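Q: Please take a close look at the ligand site of this structure. What surrounds the ligand, and how is the pocket that holds the ligand built?

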Amino acid sequence: MSRFEELYEAVLSGDNGSAAATTRDALEQGADPQQLIDEGMIPAMAEAGRRFEEAEYFVPELLLAARAMKAALELIRPMLSAHQTEMKRCVVLGTVKGDLHDIGKNLVAAMLEGAGFDVVDLGTDVAPEQFVEAAREQSADLIGLSALLTATMPAMKATIDAFEKAGLRDRVKVFVGGAPLSDSYAQEIHADAYADNASAAVRVAQALVGG
Ligand code: B1M
């Protein structure tokens, strides 16, 4: 079994000890951190999602898979951050109000950090006012909003509206992402950009700050 398959199996079966150990070993042996994410972790979470949809997995199995993915991602995060640049742009990132999904958002955070952004991660279930307050405190350049539930997509619009209301909308660029979103929805809510995955989020963020 390849190290990617081992990591895939560890995440899918929710074995966080094995996910961390496999990741640690693979990194020590020179594995590419990005490849571990793309070929081990993401396919495992996609399969966990498929099994959930087919009623083969239930919430506890999903939570275990998510925990295993987090354990592996924590080891990879510093390696992604190793190539930081001097000029740091600040991104305030979070999952919008009512939404507790954070795996994709955490991946986006890790990749942005890896690309040299200063990431302020507000976590999940973040109210519009919390985004505004953090953006003000941090003098943020960018705001990244994540949503995984169709029911919480309107909270993205509420957040963008809160920036308008606070008079900050011209000072920050807002990009959005998450499985139920689309480019057209992003346009509809007047976001500046949409990214459909973590790598695209980095490209979008770089484009929005003009570099
Ligand atoms: Co939930 N869940 N969940 N869940 N869950 C979904 C999203 C769902 C599609 C499953 C399903 O029914 N088919 C469904 C939503 C349906 C809908 O609204 N359309 C769903 C539901 C219904 C629910 C609950 C309501 C279930 C319940 O309790 N009855 C509940 C809601 C809780 C809440 O949020 N209030 C719930 C709970 C949970 C768990 C807690 C068990 C767990 C989350 C654990 C955690 O995040 N810590 C969970 C999980 C794991 C999933 C699935 C299986 C996997 C999500 C995931 O992590 N994917 C998901 C089904 C699926 O996606 N197949 C599902 C892996 C991750 C790497 O991908 O998050 O898409 P993703 O992120 C990608 C891109 O979307 C993008 O980049 C990432 C990397 O490429 N991206 C961004 C994400 N954010 C971005 C931001 C950006 C840019 C790109 O810029 C800012």
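A: The largest share of the lining of the largest pocket comes from α3, which gives 10 residues. The model is a predicted one, and the ligand sits in this largest pocket.

The pocket itself may be described before its occupant. The space in the largest pocket amounts to about 1,300 Å³. Its lining consists of 43 residues, and those closest to the centre of the pocket are M45, H101, I103, G104 and L148. Two or more lining residues come from each of α3, α4, α5, β3, β4 and α9. In terms of class, the lining of the largest pocket comprises 26 nonpolar, 10 polar and seven charged residues. Both domains take part: domain 1 (3–83) and domain 2 (88–208) each give at least three residues to the lining of the largest pocket.

Turning to the ligand, 34 residues surround it, and the closest are L100, H101, D102, S146 and T150. H101 is thus named among the residues closest to the ligand and also among those closest to the centre of the largest pocket. The shell around the ligand receives at least two residues from each of the following elements: α3 (33–53), α4 (59–80), α5 (103–114), β3 (142–146), β4 (173–177) and α9 (198–208). These elements also appear in the list for the lining of the largest pocket. By class, the shell around the ligand holds 20 nonpolar, 10 polar and four charged residues. Domain 1 (3–83) and domain 2 (88–208) each supply at least three residues of this shell.

Polar contacts to the ligand can be given at the level of atoms. At L100, a backbone N or O atom lies 2.6 Å from an oxygen atom of the ligand. At H101, the contact involves the side chain: one of its polar atoms lies 2.8 Å from a nitrogen atom of the ligand. At A179, a polar backbone atom is 3.2 Å from an oxygen atom of the ligand. The backbone is therefore the partner at L100 and A179, under a cut-off of 3.5 Å for a pair of N or O atoms.

In summary, the ligand sits in the largest pocket, and residues of domain 1 and domain 2 contribute to the shell around the ligand.

Technical notes:
Residues numbered from 1 in each chain as written. Predicted model: local features only at pLDDT ≥ 70, side-chain atom pairs only at ≥ 80, totals over all residues. Heavy atoms only, no water. Near = heavy atom within 4 Å. Polar contact = N/O pair within 3.5 Å; in protein donor to acceptor, adjacent residues only side chain to side chain. 1 Å grid on protein atoms, 1.4 Å probe; cavity = no way out; pocket = protein on both sides within 12 Å on 5 of 7 lines; lining within 4 Å. Sits in = over half its atoms within 2 Å of the grid points. Helix = DSSP H or I, 4+ residues; strand = E, 2+ residues; numbered from the N terminus. Nonpolar A, V, L, I, M, F, W, Y, C, P; charged D, E, K, R; others polar. Domains from an automatic or database assignment. Points joined across faces, edges and corners; volume = space filled by probe spheres on them.
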